Amino acid sequence: MVDIKSKREIEQMKEACHVTALVHKEIEKVIKPGMTTLELDTLAEKVIRQNGGIPAQKGYPSYQKGVPNFPGSICVSINDEVIHGIPSGRVKIKDGDIVSIDLVVEKNGFHGDAARTYLIGQTPKDAKKLVEVTKQAFFEGIRYAKVGNRLGDICYAIGDYVEKNGYHVVKEFQGHGIGRSMHEDPGIPNYGKPGKGIKLEAGMTLAIEPMVIQGKPDILELEDGWTIITEDGSLAAHYENTILITEKEPEILTII
Ligand code: MF3
Ligand code: CO
């Protein structure tokens, strides 16, 4: 069941999304070689709490038995790490890295979810294109995020754009509805068929998140039970925003 948010709920949710955007802004300002990923995590948690939010990823349970809850406020995934990298005091950001930061803020009982990928200094050939294609894939997708269209129109547009640029989307993970819960219906794969899936309605709030791999699309999970890496060691990028379907253009709630 896809939840339709009321006007009042949307106002509350916008505050959560605003804090998510603020945190990304702060991270963008300070991220540089030599910093540990734990320092970024500490900064994120501070900014979230100063703005009346809760880091929703911290303590998030794994669906796998025996895997500890996610320990960080943000996911930090470097180079061949695709998503869900765990912040660590032993991992330093280096010149040439591409660093994806994914974070979810809860405020007023609602969630805001967004991810960005940063290029640090002199990055390898094509890393910039990978990051730009991943971001643009989101914007290609939301061109179809309109009342009366179907979810598959968005999914298809994302996957088609990525593949036409010679890259691959991750098929094992997907975007999602979002609201009082971090993950709500519908699931939003980064591939699909135009004209298929649920009809989009005003008041739906969706987290749309292309996860893109430069090489082969296969992925592996690390021993930690969280970090997802590319099997072939090629680079991966992630870009995500929480959006609102309206009677007109979609609103992107996690960009300020
Ligand atoms: N932000 C992620 C998403 O888009 C969730 C990460 S899993 C967590 O769905 F454990 F880190 F919360
Ligand atoms: Co998400």
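How are the donor residues of the cobalt ion (ligand 2) spaced in sequence? I started my notebook there, keeping in mind that this is a predicted model.

**Entry: the metal**

I read the spacing of the cobalt donors as D-x62-H-x32-E-x30-E. Next I put names to the letters: Asp113 (OD), His176 (NE2), Glu209 (OE) and Glu240 (OE) coordinate the ion, at 2.0 to 2.4 Å. I then looked up where two of these donors sit, and the pair His176 and Glu240 links distant parts of the chain, 64 residues apart. His176 belongs to strand β7 (residues 175–177), while Glu240 is in the loop between β13 (236–238) and β14 (241–244).

**Entry: ligand 1**

I moved on to the other ligand and asked myself which residues are the closest to ligand 1. They turn out to be Gln57, Asp102, Asp113, His183 and Glu209, out of 14 residues that surround ligand 1. I was pleased to meet Asp113 and Glu209 again, since both also coordinate the cobalt ion.

I sorted the shell by character and got 6 nonpolar, 4 polar and 4 charged residues. Then I went through the polar contacts one at a time. Asp102 has a side-chain N or O atom 2.9 Å from a nitrogen atom of ligand 1. Asp113 places a polar side-chain atom 3.0 Å from an oxygen atom of the ligand. For His183, I noted 2.6 Å between a side-chain N or O atom and an oxygen atom of ligand 1. I also checked the cover: ligand 1 taken alone exposes 340 Å², and the protein buries 96% of that. As for the site itself, I found ligand 1 in the largest pocket.

**Entry: backbone notes**

Where is the cis peptide bond that I jotted down? It runs from Asp185 to Pro186, with omega near 0°. I placed Pro186 in strand β8 (residues 184–188).

My last stop was Asn79, which has a positive phi of about 55° although it is not a glycine. I located Asn79 in the loop between β2 (74–78) and β3 (81–83).

Key. Residues are numbered from 1 along each chain as its sequence is written. Chains are lettered from A and ligands numbered from 1 in the order in which they are written. This is a predicted model: local features need pLDDT of at least 70, side-chain atom pairs count only at pLDDT 80 or more; totals for chains, interfaces and linings use all residues. Side-chain values use heavy atoms; hydrogens and water are left out. A residue is near a molecule or strand if one of its heavy atoms lies within 4 Å of it. A polar contact is a pair of N or O atoms within 3.5 Å; within protein, one must be able to donate a hydrogen and the other to accept it, and residues adjacent in sequence count only if both atoms are side-chain atoms. Accessible areas come from the Shrake-Rupley method with a 1.4 Å probe; for residues, only the protein chains shown count as cover. On a 1 Å grid over the protein atoms alone, a cavity is a set of points where a 1.4 Å probe fits but cannot get out, and a pocket is an open set with protein on both sides within 12 Å along at least five of seven lines; lining residues have an atom within 4 Å of a point. A molecule sits in a cavity or pocket if more than half of its atoms lie within 2 Å of its grid points. Ala, Val, Leu, Ile, Met, Phe, Trp, Tyr, Cys and Pro count as nonpolar, Asp, Glu, Lys and Arg as charged, and the others, Gly among them, as polar. Donors are N, O and S atoms within 2.8 Å of the metal (3.2 Å for Na, K and Ca); water is not among the atoms, so sites may look incomplete. Helices (H or I, at least four residues) and strands (E, at least two) are DSSP runs, numbered from the N terminus.
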